[in-house]
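Please open the model in your viewer and keep the sequence panel beside it. The stops below each begin with a selection and then say what is to be found there.

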Amino acid sequence: MIIQLDFDGTVVNFNYPSIGRLNVGCIEVVKALFNAGHHIYLNTYRANISEEALAEALNFLEVHEIISMLSGINPQKKIPPAWNPDESIKNGELFIDDDSEGIPLKWDHTGKMKMVDWRVVKSQLIQKNIIY
C-alpha cells in the first residue's frame, strides 16, 4: 500500500515556519509501516511553499532516521481524503495527515494546536492488519 505521510501536525506538532517537536509514536508507526512493506511518501505543503521549507523537513527526517524509509517525496501536496482505513485498503493508498477529516487527533504540548494521535492510529492500523 502507498502511505502518504504529512509532516507538520503529523510527524511534528504544527509550528510552521519553524520545525515543531517530534510527535510521540510517529517513528514507531512509520517503522512498522516500512517493515510491513508499505511504500511511504512524504506529502507535505512544505513542497508547495519552497525548496528551503522542504529541505528543513527532510533534514529533520534524516536526523530522526525516517528519511531512509521514504520511497519518495511528492513535488506538490496531495489533498488527503477523510480518514477511513477500510477505504484506504480498497484504494491501496492511506493518508496519515492531520488535515484528514476524522483522523484521530490530540492536543500538542502547547495546548493550542491539534496533531495526529499516533497511539490511536497505531491501534487502528493493527486492527486492520496494515501493521503488525
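Begin by selecting Thr10, which sits in the loop between strand 1 (2–5) and helix 1 (26–35); helices (H or I, at least four residues) and strands (E, at least two) are DSSP runs, numbered from the N terminus. This is a predicted model, in which local features need pLDDT of at least 70 and side-chain atom pairs count only at pLDDT 80 or more, while totals for chains, interfaces and linings use all residues. Residues are numbered from 1 along each chain as its sequence is written, and side-chain values use heavy atoms, with hydrogens and water left out.

With a relative accessible area of 0%, Thr10 is buried, where buried means under 20% relative accessible area, exposed over 50% and partly exposed in between (1.4 Å probe, protein chains only). Now display its surroundings: leaving aside residues up to four places away in sequence, Thr10 touches Leu5, Asn23, Ile96, Asp97, Asp98, Val116 and Trp118, contact meaning heavy atoms within 4.5 Å.

**Helix 1**

Next select helix 1 and colour Cys26, Ile27, Val29, Val30 and Leu33, which are buried. Viewed down the axis of helix 1, these buried residues fall within an arc of 165°, so they line one face of the helix; the arc is that of the directions from the helix axis to the C-beta atoms. Show strand 1, strand 2 (39–42), strand 4 (93–96) and helix 5 (118–127) as well, since the buried residues of helix 1 pack against them. Just after helix 1, pause at Gly37, which takes a positive phi of about 90°.

**Helix 5**

Move on to helix 5, where Trp118, Val121 and Leu125 are buried. Down the axis of helix 5, its buried residues fall within an arc of 60°, so they line one face of the helix, and on the other side of helix 5 Arg119 and Gln127 are exposed. The cover over the buried residues of helix 5 includes strand 1, helix 1, strand 4 and strand 6 (114–116). At the N-terminal end, select Asp117, which caps helix 5 with a side-chain oxygen 3.2 Å from the backbone nitrogen of Arg119. After helix 5 comes Asn129, whose phi is positive, near 60°.

**Salt bridges**

How many salt bridges does a search of the whole structure find? There are 9, a salt bridge being a side-chain nitrogen of Lys or Arg within 4 Å of a carboxyl oxygen of Asp or Glu.

Select Asp6 and Lys77, whose salt bridge has its closest N and O atoms 3.2 Å apart. Asp6 lies in the loop between strand 1 and helix 1 and Lys77 in the loop between strand 3 (70–73) and helix 4 (85–91), so the pair ties together parts that are 71 residues apart in sequence. Both Asp6 and Lys77 are buried.

Then select Asp8 and Arg46, which form a salt bridge with the closest N and O atoms 2.7 Å apart. Because Asp8 lies in the loop between strand 1 and helix 1 and Arg46 in helix 2 (residues 46–49), the pair ties together parts that are 38 residues apart in sequence. Asp8 is buried at a relative accessible area of 8%, and Arg46 is buried at 1%.

For the last stop, return to Lys77 and add Asp99, with which Lys77 forms a salt bridge whose closest N and O atoms are 3.8 Å apart. Asp99 is in the loop between strand 4 and strand 5 (105–107), 22 residues from Lys77. Lys77 is buried, with a relative accessible area of 8%, whereas Asp99 is partly exposed at 44%. Finally, select Asp6, Lys77, Asp97 and Asp99 together, which salt bridges with shared partners join into one network.

Key. Polar contact = N/O pair within 3.5 Å; in protein donor to acceptor, adjacent residues only side chain to side chain.
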